[in-house]
Amino acid sequence: VAGELDQCSAQGIRRELDRLIEDPSVRKLILDLGDMSFMDSSGIGVILGRYRALRLRGGTVAVKNMNPQVEKIFRLSGMNQLIQVL
């Protein structure tokens, strides 16, 4: 995920991630956030939605390479309790 994950970009990223996980054999999604500069509540919703979809079939979501600002949002939202940080 690159750039900003906010209200403007969330729908497109959601569609792209949904295409990746529509294959029922996909059980783990790892999001590399190294090139993501900003995330708001829309971004949280995108990640949580993919987490829920994969969890229903026994899968998981993980994130890696968060910058300090994104990591703070991730932690303050409590997402770090649901989604593994690599």
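## Helix α1 and the parallel strands

Let's start with helix α1 (residues 10-21): at 1.5 Å a residue, its twelve residues should span 16 Å, and the end C-alpha atoms are indeed 16 Å apart, so expectation and model agree. Keep in mind that this is a predicted model.

Which residues of α1 are buried? They are Ala10, Ile13, Leu17 and Ile21. These residues cover an arc of only 70° around the axis, which means that they lie on the same side of α1. The general background is familiar: an α-helix has 3.6 residues a turn, so residues three or four places apart point the same way. On the other side of α1, you will find Gln11 and Arg19 exposed.

And what do the buried residues of α1 pack against? Their partners are β1 (2-5), β2 and α2 (41-55).

That brings us to the strands. Strand β2 pairs with strand β4 in the parallel sense, and β4 in turn runs parallel to strand β5. The table sets out these two pairings.

| Pairing | Residues | Sense | Bridges | A bridge pair |
|---|---|---|---|---|
| β2 and β4 | residues 28-32 and residues 60-64 | parallel | five bridges | Asp32 and Lys64 |
| β4 and β5 | residues 60-64 and residues 84-85 | parallel | two bridges | Ala62 and Gln84 |

For a closer look, Lys64 in β4 is the bridge partner of Asp32, while Gln84 in β5 is the bridge partner of Ala62.

How are β4 and β5 connected in the fold? Together with helix α3 (residues 68-76), β4 and β5 make a β-α-β unit, and this unit is right-handed.

Conventions: Residues are numbered from 1 along each chain as its sequence is written. This is a predicted model: local features need pLDDT of at least 70, side-chain atom pairs count only at pLDDT 80 or more; totals for chains, interfaces and linings use all residues. Side-chain values use heavy atoms; hydrogens and water are left out. Two strands pair if DSSP finds at least two bridges between them. Helices (H or I, at least four residues) and strands (E, at least two) are DSSP runs, numbered from the N terminus. A crossover is right-handed if, with the strands pointing away from the viewer, the path from the first strand over the helix to the second runs clockwise. The expected span of a helix is 1.5 Å times one less than its number of residues. Buried means under 20% relative accessible area, exposed over 50%, partly exposed in between (1.4 Å probe, protein chains only). The arc is that of the directions from the helix axis to the C-beta atoms. Contact means heavy atoms within 4.5 Å.
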